[in-house]
Amino acid sequence: MATILAIDAGNSNIVLGCMQGEALRFTARVRTDRAKTEDEYALVLRNLFELHQVERHGVEGAILSCVVSELTDVLCRAVEMVVKKRPLVVGAGLKTGLNIKIDDPAQLGADLVAGAVAALEKFPAPLIIFDLGTADTMSVLDGQGRFLGGAIMAGPRLCADALSSRTSQLPRIELEAPTRVVGSNTVQCMQSGAIYGHAAMIDGLIDRVAGELGAPPVSVVATGAMAHLVIPFCRHPIALEENLMLQGLKSIYEKNQKKSR
């Protein structure tokens, strides 16, 4: 059974998953550091394989989605140093099976492509996918599974940090939900805005998208580092899929292996 290394490199974190068939051998999240060299990232990768007792030389192949352009080649070289395989990179020329209907398909982020591919395999369309991290993204697919577009918003951490850095009296806060929406002190008020405010935004977006699509039943799925903080406070039913991007990357890898055979 083939072992695949999937890497989703975002603005704040790099998520890695080593998959054997349908089983996840390990997942890891490391901080995105644009100053790191391929040697430093290779050390991180090698240590992760050793930590989880997975034989790195048994990896059949690898695939990478990266929204930090200056790190794409760095991570490719690091992967090649560790597993002796050059990773596939999600982008032009790679088969995804996704029908992209936005104005310029080349502008669609590789992470959003991977998330949409995985979501379509697990949930019925039409679909709304939220990826909550440094930025919040919303992807919308119609009843035929076509990628129509979406929305981009500042994430909870970014919003809270902007308040503390651009005002004179607001502190930096921990992101957790207060017991009540109506805060009784500054920290609780900021936490309420960051968590309940984002939950209300997501609920509102779901209602508006359903209206634009003609109000059919819509499947909603969420992923990303901040999803577990916000989604429990949404009023719409939303499936939490922690490894959605990794699953999509694995699927794209397999599609392109079949294509090459």
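**Close-up A. The second largest cavity of this predicted model.** Let us start with a small tour of the space inside. The second largest cavity holds about 30 Å³ of space. Which residues line the second largest cavity? Asp111, Leu112, Gly115, Ala116, Ile129, Phe130, Asp131, Thr137, Ser139 and Met245 do so. Three elements give two or more residues each to this lining: helix 3 (110-122), strand 7 (127-132) and strand 8 (135-141). Helix 3 gives the most, with four residues. By class, the lining of the second largest cavity is a mixture of five nonpolar, three polar and two charged residues.

**Close-up B. The largest cavity and the residues around it.** Now turn to the other cavity. The count of cavities of 30 Å³ or more comes to two, and the largest cavity has a volume of about 60 Å³. Its lining is made up of Ile7, Ile14, Leu16, Val30, Tyr41, Val44, Leu45, Leu48 and Leu75. Strand 2 (13-20) and helix 1 (38-51) are the elements that give two or more residues to the lining of the largest cavity. What does the lining of the largest cavity look like by class? Nine of its residues are nonpolar, with no polar and no charged ones.

**Close-up C. Helix 1 at the largest cavity.** Which element gives the most to the lining of the largest cavity? Helix 1 does, with four residues. If you follow the helix in the structure, look for Tyr41 and Leu45, which are among the lining residues of the largest cavity and also belong to the part of helix 1 that meets helix 2. On the helix 2 side, Leu75 lines the largest cavity and takes part in the contact with helix 1.

**Close-up D. The packing of helix 1 against helix 2.** Two packed helices are described by the angle between their axes and the distance between the axes. Helix 1 and helix 2 (residues 69-83) pack at an angle of about 45°, and their axes are 8 Å apart. The two helices are therefore oblique to each other. The crossing of helix 1 past helix 2 is right-handed.

**Close-up E. Residues where helix 1 meets helix 2.** From helix 1 come Glu38, Asp39, Tyr41, Ala42, Leu45, Arg46 and Phe49. They meet Leu71, Val74, Leu75, Arg77, Ala78, Val79, Met81, Val82 and Val83 of helix 2. How do the residues of this contact divide by class? Twelve are nonpolar and four are charged, with no polar residues.

Terms used: Residues numbered from 1 in each chain as written. Predicted model: local features only at pLDDT ≥ 70, side-chain atom pairs only at ≥ 80, totals over all residues. Heavy atoms only, no water. 1 Å grid on protein atoms, 1.4 Å probe; cavity = no way out; pocket = protein on both sides within 12 Å on 5 of 7 lines; lining within 4 Å. Points joined across faces, edges and corners; volume = space filled by probe spheres on them. Nonpolar A, V, L, I, M, F, W, Y, C, P; charged D, E, K, R; others polar. Axes fitted to C-alpha atoms, helices over the stretch in contact; angles between N-to-C directions. Parallel < 35°, antiparallel > 145°, perpendicular 65-115°, else oblique. Left-handed = near helix turned anticlockwise from the far one by under 90°. Contact = heavy atoms within 4.5 Å.
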